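Q: Please take a close look at the largest pocket, and then set out the packing and backbone of the rest of the chain.

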Amino acid sequence: MTEGARGWSRRDLLRRSALVVTGAAAGAGVTDVWLTHRRLPLAGGPASATVGNGAQDVGAGVLPVVWSGSTTQRLVALTFDDGPAPQWTPMVLDTLAQHRVPATFFLVGSQVRKHPDLIRDRLGEHEVGNHSWAHRDLAQLDAAEAYDDLSRTHDVITDVTGRAPRLVRPPYGHLGGAVLHAAARLNCRLVLWSLQMVEREFPDDPAGHARRIVDGVRPGTILLGHDVGQRRRLVALRGLPDMIRGLRERGYTFVTVSSLLGAGVAPTPTG
């Protein structure tokens, strides 16, 4: 062993050994290198946006993913996630009805099944979207699980509201290949958001929170709120009237997500 070799650290030796192994694999072909990644369930797993080797059942074959509306008009889409829930959803619906504001509700399937009367015949001019069955992280599910979850939710929302949801919002805004594939199979748009209510930053200050949101809205904003959750979120709901008035004073019109997208985003092909 040379003097230089004696000076190598354990880390240096391990690094050089790894390079030798990698070089050998490259010389033999890339097959062995790819096989190391098969520990991840790529084919049909959470990372894969294709399933199997056959024809892909993906509806129209196009999947828009939307964060905001592409428009210069002063339009804003108010959205509420995770409901319905008896403590909060009626309060939200009452406020929206009082101020004649349409909104989009991304519903959790298990909640819809548990509390159907909270939304049946109360949605009026509002829109419904699919927010999974039990608010699991769909980006961690394989393709079959993600589709079963969203399909089950799709069916119960359609049954209770009489309207098939055409929008999907994955919990936590997490996207994975399986989520994309499942949404495409349901022929839906994936809708995220461009501004979120930040209740924890304004404890016991509904008016301050409302001002923060009003200042943050831009033409085409999709605003994320919740009609279920920890009590701190009530700060946003109690400030909702101030938020509505403040945005209207700035010339904004409230629309559903689909109406917003119709103002500047091409519809999903259905033929």
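A: For sorting the residues of a lining, Ala, Val, Leu, Ile, Met, Phe, Trp, Tyr, Cys and Pro count as nonpolar, Asp, Glu, Lys and Arg count as charged, and the others, including Gly, count as polar. By that division, the lining of the largest pocket holds seven nonpolar, five polar and seven charged residues. The model is a predicted one. The pocket encloses about 270 Å³ of space. Its lining comprises 19 residues, and those nearest the centre are Tyr 172, Gln 196, Leu 224, His 226 and Arg 233.

One of these central residues leads on to the packing of the chain. His 226 is among the residues that Phe 80 touches. Leaving aside residues up to four places away in sequence, the contacts of Phe 80 also include Gly 225, Asp 227, Leu 237 and Leu 240. Further contacts of Phe 80 are Val 92, Leu 96, Ala 103, Thr 104, Phe 105 and Phe 106. Phe 80 belongs to the largest nonpolar core, which has 35 residues; together with Leu 78, Leu 96, Phe 105, Met 243 and Leu 247, it touches the most other members. Two or more residues of this core come from each of strand 2 (75–81), helix 4, strand 3 (104–107), helix 6 (143–161), helix 8 (206–216), helix 9 (234–238) and helix 10 (240–249). The greatest contribution, four residues, is that of helix 10. Apart from this core there is another, with 14 residues, including Ala 146, Val 168, Ala 183 and Cys 188.

Helix 8 has five buried residues: Gly 208, His 209, Ala 210, Ile 213 and Val 214. Their packing partners are strand 7 (195–196), strand 8 (221–226), helix 9 and helix 10. In general, an α-helix has 3.6 residues a turn, so residues three or four places apart point the same way.

Helix 4, which spans residues 89–99, includes His 99. With a relative accessible area of 14%, His 99 falls under the 20% limit and is therefore buried. Beyond residues up to four places away in sequence, His 99 is in contact with Pro 241, Ile 244, Arg 245 and Arg 248.

Helix 11 (residues 257–262) contains Val 257. The relative accessible area of Val 257 is 0%, so this residue counts as buried. Excluding residues up to four places away in sequence, Val 257 touches Ala 77, Thr 79, Thr 104, Glu 127, Leu 167, Val 191 and Ile 222. Its C-alpha lies 9.7 Å from that of Leu 223, although Val 257 and Leu 223 are 34 residues apart in sequence.

Glu 125 offers a further long-range pairing. This residue is placed in the loop between helix 5 (109–114) and strand 4. Glu 125 has 49% relative accessibility and so counts as partly exposed. The residues that Glu 125 touches, not counting those up to four places away in sequence, are Arg 100, Val 101, Pro 102 and Thr 256. From Glu 125 to Val 255 the chain runs 130 residues, while their C-alpha atoms are separated by 9.6 Å.

The backbone has several features to note. Most residues other than glycine have a negative phi, and most peptide bonds are trans. In the loop between strand 2 and helix 4, Asp 82 has a positive phi near 85 degrees. Asp 82 counts as buried because its relative accessibility is 13%. Pro 84 lies in the loop between strand 2 and helix 4 as well, and the peptide bond leading to it from Gly 83 is cis, with omega near 5 degrees. Ser 132 also has a positive phi, near 85 degrees, and is found in the loop between strand 4 (127–130) and helix 6. Ser 132 is buried, since its relative accessible area is 0%.

For the chain as a whole, the secondary structure consists of 11 helices and nine strands. Of its 271 residues, 48% count as buried. Among contacts with a separation of 6 or more, 77% join residues 24 or more positions apart.

Finally, confidence varies along the model. The average pLDDT of the chain is 86, and 81% of the residues score at least 70. Residues 1–6 have pLDDT below 50, and this stretch makes one contact beyond near neighbours in sequence. Residues 266–271 likewise have pLDDT below 50, but this stretch has 11 contacts beyond near neighbours in sequence. Where pLDDT is low, the predicted coordinates should not be read in detail.

Technical notes:
Residues are numbered from 1 along each chain as its sequence is written. This is a predicted model: local features need pLDDT of at least 70, side-chain atom pairs count only at pLDDT 80 or more; totals for chains, interfaces and linings use all residues. Side-chain values use heavy atoms; hydrogens and water are left out. On a 1 Å grid over the protein atoms alone, a cavity is a set of points where a 1.4 Å probe fits but cannot get out, and a pocket is an open set with protein on both sides within 12 Å along at least five of seven lines; lining residues have an atom within 4 Å of a point. Grid points are joined across faces, edges and corners, and a volume is the space filled by probe spheres set on the points. pLDDT is the predictor's confidence in each residue, from 0 to 100. Contact means heavy atoms within 4.5 Å. Buried means under 20% relative accessible area, exposed over 50%, partly exposed in between (1.4 Å probe, protein chains only). A nonpolar core is a set of buried Ala, Val, Leu, Ile, Met, Phe, Trp, Tyr and Cys residues joined through side-chain atoms within 4.5 Å.
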